[in-house]
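This report describes aromatic contacts, the surroundings of the ligand and the burial of selected residues. The structure is shown first, and the description follows.

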Amino acid sequence: MKYLDEYRDADAAKSLAKAIAAVVKQPPASPRSLAIMEVCGGQTHAIIRYGVDELLPGAIDLVHGPGCPVCVTPAELIDRAVAIAGMPGVIFCSFGDMLRVPGTGRDLLSVKAAGGDVRVVYSPLDALEIARSNPGKRVVFFAVGFETTAPANALAVVRARSEGVKNFSLLVSQFLIPPAMEAVLSSPGNRVRGFLAPGHVCAVTGYAILEPLAAKYRVPIVVTGFEPVDILQGILMCAGQLQAGKAVVENQYSRVVHREGNTGALKVMAETFAVCDRKWRGIGTIPASGLKLREEFRAHDAEFIFNVESVVAEEPAECISGLILTGIKKPSECPAFGVRCTPERPLGATMVSSEGACAAYYRYRRPGSARG
Ligand code: SF4
C-alpha cells in the first residue's frame with residue numbers, strides 16, 4: 001500500500017477482520033480470552049472512531065494502554081506547572097492539550113484567564129524563539145511526552161545552552177513506554193496477552209528494545225501503525241502468534257519503523273536526559289520509566305529553577321483512569337463517565353486529551369455522539 005486512503009479502505013478492513021476470525025476460531029480461544037492492548041492513545045482513537053473493535057470476533061478484547069502522555073502526567077506536575085505559570089515574569093509555553101488538564105486545583109487555562117502569560121506552541125523550538133525574543137522574561141516549555149517528543153525537547157535545551165539563552169527552561173514530564181508495558185504485565189490484575197506497540201515511539205527507539213520484554217513475559221508484541229488497516233493487520237499478527245504459542249516482536253509498521261531506530265535522535269536524548277523513576281497518573285511510580293535533564297542542564301530545569309519540587313498531590317479518588325490505562329476497565333465502566341465527568345467538566349486527564357480513552361468513548365460511543 002502507498003496512500004493513506006488505502007489504510008482506511010473498508011474492503012481491506014473487512015477482509016482482515018475475516019482473516020482474524022479464521023485465526024481465532026482455532027482452539028484455545030474462548031470468548032473475550034484474548035485481551036490485546038493497543039498501547040498508544042492515537043491507536044485507541046482510531047479503534048473507537050472507526051469501530052475497529054466492532055469488526056472483531058468475540059474472542060478478542062481490545063484494551064487501552066497508557067500511551068497518552070497528557071493522560072499519564074500526574075496531577076502534581078500539573079500543579080507545579082500551574083504554580084510556575086502564575087509567577088510574575090514567566091511566559092509558560094505548552095501544547096494546547098495540556099491547558100485544560102485538571103491538577104488538584106486550577107488548570108493552566110484558568111491561570112491564563114486570570115492574566116498569566118500562558119501560550120500554546122507547536123514545538124519546543126517555538127518556545128525557544130519566544131525566549132530569544134523576550135530576554136527579560138523567564139520562558140518555560142512544558143516538555144510532555146514519550147520517546148517521540150524527547151529528541152526535539154533535548155535539541156531545544158542543547159541549543160539554548162550553546163546559544164547562551166539563559167531564560168529558557170523545560171518542565172520535564174517525559175515517560176518511557178517499555179517500563180510501562182512491563183508494569184502492565186507484572187500488575188496483579190493483568191489480563192493482557194499481547195500488545196500492539198506504538199509505531200511512532202518505535203520509529204525513534206527501534207523495536208529491539210522490546211525483545212527482552214516479549215521473551216521474559218512470553219507475550220507477543222507487534223509494532224503497529226495508526227490507521228484502521230494497520231491496526232487490523234497488527235491484531236492479525238498478534239492473534240496469529242497467540243494461537244501458535246509464539247511470543248516475539250514483529251513489525252507491522254515497517255514503512256516507518258526499523259529494528260535499531262533513529263540513532264541520531266537516541267544520541268541527543270542520551271546526552272541530554274538521564275533515566276529516572278517517574279510517577280504515572282492513576283498508576284503510580286514506575287521504576288526507570290521516565291527521563292529527567294542531566295545535571296549539566298540544571299540551569300534549564302524548571303523544577304529546579306522555580307523550586308517547585310516540594311509541590312506534591314494525590315490523584316482524585318473518583319477517577320479510575322489508572323484501571324483504564326492498564327487494561328483492567330473500559331471508560332464506560334467508570335461511574336463518573338458522561339455524568340460527573342465530561343470534556344467540559346473533566347475529573348481526569350483521559351477525558352481531556354485528544355488521545356485519551358475516555359475522550360474517545362465520549363466522542364464516539366455515547367448515544368447521540370459522532371458514532372453513538
Ligand atoms: S470518565 Fe473521567 S473520572 Fe472516569 S476514568 Fe475517565 S477521566 Fe477519570
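## Burial, aromatic contacts and the ligand site

In helix α4, the buried residues are Ala 75, Glu 76, Leu 77, Ile 78, Asp 79, Arg 80, Ala 81, Val 82, Ile 84 and Ala 85. Because 10 of the 11 residues of this helix, which spans residues 75-85, are buried, α4 is largely enclosed by the rest of the structure. The model is a predicted one.

Three further residues illustrate burial elsewhere in the chain. Leu 128 belongs to helix α6, residues 124-133. Its relative accessible area is 0%, so Leu 128 is buried, the cut-off being under 20%. The C-alpha atoms of Leu 128 and Thr 224 are 33 Å apart, with their positions 96 residues apart along the chain. Asp 230 is placed in helix α11, residues 228-244, and counts as buried because its relative accessibility is 0%. Its C-alpha atom is separated by 7.1 Å from that of Gln 252, 22 residues away along the chain. Thr 350 is found in the loop between α14 and α15; its relative accessible area of 2% makes Thr 350 a buried residue. Thr 350 and Val 72 are 278 residues apart along the chain, yet their C-alpha atoms are separated by 8.3 Å. The three C-alpha separations are collected below.

| Residue | Partner | Separation along the chain | C-alpha distance |
|---|---|---|---|
| Leu 128 | Thr 224 | 96 residues | 33 Å |
| Asp 230 | Gln 252 | 22 residues | 7.1 Å |
| Thr 350 | Val 72 | 278 residues | 8.3 Å |

Aromatic contacts come next. Rings are paired if their centres lie within 6.5 Å, and by this rule there are seven aromatic pairs. One of them joins Phe 92 and Phe 142: the ring centres are 5.7 Å apart and the planes meet at 70°, so the pair is edge-to-face. Phe 92 lies in strand β3 (residues 90-94) and Phe 142 in strand β5 (residues 138-145), so this contact ties together parts that are 50 residues apart in sequence. Phe 92 and Phe 142 are both buried.

Phe 337 and Tyr 362 also form an edge-to-face aromatic pair, with 6.2 Å from centre to centre and 70° between the planes. Here Phe 337 lies in the loop between α14 (321-325) and α15 (357-364), whereas Tyr 362 is in helix α15, so the pair ties together parts that are 25 residues apart in sequence. Phe 337 and Tyr 362 are both buried.

A single aromatic cluster is formed by Phe 146, Phe 175 and Trp 280. Phe 175 has a further contact, since the charged end of Arg 278 sits over its ring at 6.0 Å from the centre. Another arginine, Arg 298, lies over the face of Phe 304, 4.0 Å from the ring centre.

What surrounds the ligand? The residues around the ligand are Cys 319, Ile 320, Ser 321, Ile 324, Cys 334, Phe 337, Cys 341, Leu 347, Gly 348, Thr 350, Met 351 and Cys 358. This shell consists of nine nonpolar residues, three polar residues and no charged ones. The space that the ligand takes is the largest cavity. Two residues of the shell have appeared above: Phe 337, a member of the pair with Tyr 362, and Thr 350, the buried loop residue.

Methods. Residues numbered from 1 in each chain as written. Predicted model: local features only at pLDDT ≥ 70, side-chain atom pairs only at ≥ 80, totals over all residues. Heavy atoms only, no water. Phe/Tyr/Trp six-rings, centres within 6.5 Å; stacked < 30°, edge-to-face > 60°. Helix = DSSP H or I, 4+ residues; strand = E, 2+ residues; numbered from the N terminus. Buried < 20%, exposed > 50% of the residue type's maximum accessible area, 1.4 Å probe, protein only. Lys NZ or Arg CZ within 6 Å of the ring centre and 35° of its normal. Near = heavy atom within 4 Å. 1 Å grid on protein atoms, 1.4 Å probe; cavity = no way out; pocket = protein on both sides within 12 Å on 5 of 7 lines; lining within 4 Å. Sits in = over half its atoms within 2 Å of the grid points. Nonpolar A, V, L, I, M, F, W, Y, C, P; charged D, E, K, R; others polar.
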